[in-house]
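Let's practise reading a protein model together. Have a look at the sequence and the 3D view, then try each exercise before you read its solution.

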Amino acid sequence: MLTIQHLSKTYPGGTHALEAVDLTVGAGEIVAIVGGSGCGKSTLLRIVAGLDRPSAGRVSIDGRVVSEPDPAIGIVFQEPRLFPWLTVAQNVGFGLAHLPRAERDARVAEALARVGLSDKAHVWPRQLSGGQAQRVAIARALVARPEVLLLDEPFSALDAFTRLDLQRHLLQIWAAVSPRPTLVIVTHDVDEAILLADRVIVMQPEPGRIAQEMPVDLPRPRD
Ligand code: ADP
Ligand code: ADP
């Protein structure tokens, strides 16, 4: 369970990007966070990922406080951010240098199979389509077997067909991984939020906070 307690963030200069945000996300739950530009969505994800420090409040997983990057929490950004000088498999295995080689190779192969790109293991990132590159980014996040996967506008840069393909693919991956990871998806696309999530959180700006929470009770492509 991901617990965000009374999280606030004031940037130097005085912007109140977040004020007293409380949010609990159950194990295996899918939550979407929506809201206009500047309401603190990215700030929230960056803090949960341990990439930035809150001004106050805390983040914990199953009661364990998390304040820096942690294998239990993976993150995927809008751009795949792959290393161009590494092959697809090397990109996916990048964070696993501490593991014995056989274990690392097995995990990389498993993650690439999950995103349907086993045949691309030895190609360079520039040889991938945008959608394929984003699937590699998802594989790179999954390879650490995170309990929580954060996705910040993961499909916004893709064309409409590829976006639909990846939305469905993400749900298939989520359903196939055991135990199912918790997903927190930031999106400005309300349709995407309703398609993917069990619960939609609406944020509002100045200061960034949760304005509304709505359960989604619709049949999902994953069901
Ligand atoms: P969103 O993801 O919802 O668009 P952000 O978290 O990016 O919102 O930004 C929330 C607010 O914090 C905005 O007013 C933004 O300008 C400000 N902000 C974001 N990052 C920084 C930063 N590094 N330094 C100062 N202000 C920032
Ligand atoms: P995307 O991730 O961009 O949606 P798809 O998954 O729809 O891509 O790709 C469909 C199939 O086409 C995949 O098997 C992919 O490997 C293949 N493919 C994509 N681009 C090329 C290309 N330039 N040459 C050959 N096959 C390609």
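The exercises below go through two ligands, two pockets and a hairpin.

This is a predicted model, in which local features need pLDDT of at least 70 and side-chain atom pairs count only at pLDDT 80 or more, while totals for chains, interfaces and linings use all residues. Residues are numbered from 1 along each chain as its sequence is written, chains are lettered from A and ligands numbered from 1 in the order in which they are written, and side-chain values use heavy atoms, with hydrogens and water left out.

**Exercise 1. Describe the surroundings of ligand 1.**

Step 1: Find the neighbours. A residue is near a molecule if one of its heavy atoms lies within 4 Å of it. Ligand 1 is surrounded by residues including Tyr11, Gly36, Lys41 and Thr43.

Step 2: Sort them by class. The shell around ligand 1 has three nonpolar, seven polar and one charged residues. Here Ala, Val, Leu, Ile, Met, Phe, Trp, Tyr, Cys and Pro count as nonpolar, Asp, Glu, Lys and Arg as charged, and the others, Gly among them, as polar.

Step 3: Look for the main contributor. Helix α1 (residues 41-48) gives the most to this shell, with three residues. Helices (H or I, at least four residues) and strands (E, at least two) are DSSP runs, numbered from the N terminus.

Step 4: Check the polar contacts (pairs of N or O atoms within 3.5 Å). A polar side-chain atom of tyrosine 11 is 3.4 Å from a nitrogen atom of ligand 1. Backbone atoms take part too: a polar one of cysteine 39 is 3.1 Å from a ligand oxygen, and a backbone N or O atom of serine 42 lies 2.8 Å from an oxygen atom of ligand 1.

Step 5: Read the cover. On its own, ligand 1 has 560 Å² of accessible area (Shrake-Rupley method, 1.4 Å probe), and the protein covers 60% of this.

**Exercise 2. Do the same for ligand 2.**

Step 1: Among the residues around ligand 2 are Ser129, Gly131, Thr162 and Asp165. This shell divides into no nonpolar, four polar and three charged residues.

Step 2: α4 supplies the largest share of the shell, three residues.

Step 3: Side chains reach oxygen atoms of ligand 2 with polar atoms: lysine 120 at 3.4 Å, glutamine 132 at 3.0 Å and arginine 135 at 2.6 Å. The protein covers 41% of the 550 Å² that ligand 2 has on its own.

**Exercise 3. Explore the largest pocket.**

Step 1: Learn the term. On a 1 Å grid over the protein atoms alone, a pocket is an open set of points where a 1.4 Å probe fits, with protein on both sides within 12 Å along at least five of seven lines; lining residues have an atom within 4 Å of a point.

Step 2: The largest pocket holds about 650 Å³ of space, and 28 residues line it, with Gly74, Gly95, Arg140, Ala141 and Ala144 nearest its centre.

Step 3: β6 gives the largest share of this lining, four residues. By class, the lining has 19 nonpolar, four polar and five charged residues.

Step 4: Now turn to the second largest pocket, which has a volume of about 320 Å³ and a lining of 20 residues.

**Exercise 4. Trace a hairpin.**

Step 1: Strands β9 (residues 199-204) and β10 (residues 209-215) pair in the antiparallel sense over six bridges; pairing needs at least two bridges found by DSSP.

Step 2: Methionine 203 has isoleucine 210 in β10 as its bridge partner.

Step 3: Four residues lie between the two strands of the hairpin, and glutamate 206 in the turn has a positive phi of about 50°.

How values were computed:
Points joined across faces, edges and corners; volume = space filled by probe spheres on them. Polar contact = N/O pair within 3.5 Å; in protein donor to acceptor, adjacent residues only side chain to side chain.
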